[in-house]
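Visitor: I'd like a close look at just one part of this protein. Could you walk me through it once it's on screen?

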Amino acid sequence: ASAESLGIGTSSPSAQDPSANNLVVEDAAGNGGIIIKTQTSAYGSLHFSDGTGVDAYRGILAYNHSDNSMQFHTNATERMRTDS
């Protein structure tokens, strides 16, 4: 398998840290960011996977728009929740 990198706002994403350069978002003129937009009753999340089944979501960083809480999961279990 070959290593591939996708760059948004950059023509050289593979020049970034090779342990995390699969997707590189750059704004060379100022701030940068990524938006995950969902419905008001849904979750926006990043999942960290090392397989399938329960291994497909071993680590999760999630925002629940229903109750406006941020959740942190490790080893497929919620470990911390921050709310208002």
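Which strand does His 73 lie in?

Guide: Keep in mind that this is a predicted model. His 73 sits in strand β5, which covers residues 69-74. That strand belongs to a protein with six strands and zero helices, so from the N terminus on you just read β-β-β-β-β-β.

Now zoom in on His 73. Its relative accessible area is 17%, and because the cut-off for buried is under 20%, His 73 counts as buried. A polar atom of the His 73 side chain lies 3.4 Å from the backbone nitrogen of Glu 78. Leaving aside residues up to four places away in sequence, His 73 touches Arg 58, Gly 59, Ile 60, Glu 78 and Arg 79.

Slide along to Gln 71, also found in strand β5. Gln 71 has a relative accessibility of 2%, so it is buried too. Its side chain makes a polar contact with the side chain of Ser 69, at 3.0 Å. With the same sequence neighbours left out, Gln 71 touches Tyr 43, Ile 60, Leu 61, Ala 62, Asn 64, Glu 78, Met 80 and Arg 81. Ile 60 and Glu 78 turn up on both contact lists, then.

Step back for context: buried residues make up 14% of the 84 in the protein. The radius of gyration is 16 Å, where a compact globule of 84 residues would come out near 12 Å. Among contacts with a separation of 6 or more, 8% join residues 24 or more positions apart.

Note on methods:
Residues are numbered from 1 along each chain as its sequence is written. This is a predicted model: local features need pLDDT of at least 70, side-chain atom pairs count only at pLDDT 80 or more; totals for chains, interfaces and linings use all residues. Side-chain values use heavy atoms; hydrogens and water are left out. Helices (H or I, at least four residues) and strands (E, at least two) are DSSP runs, numbered from the N terminus. Buried means under 20% relative accessible area, exposed over 50%, partly exposed in between (1.4 Å probe, protein chains only). A polar contact is a pair of N or O atoms within 3.5 Å; within protein, one must be able to donate a hydrogen and the other to accept it, and residues adjacent in sequence count only if both atoms are side-chain atoms. Contact means heavy atoms within 4.5 Å. The radius of gyration is taken over C-alpha atoms; the globule rule is 2.2 Å times the number of residues to the power 0.38.
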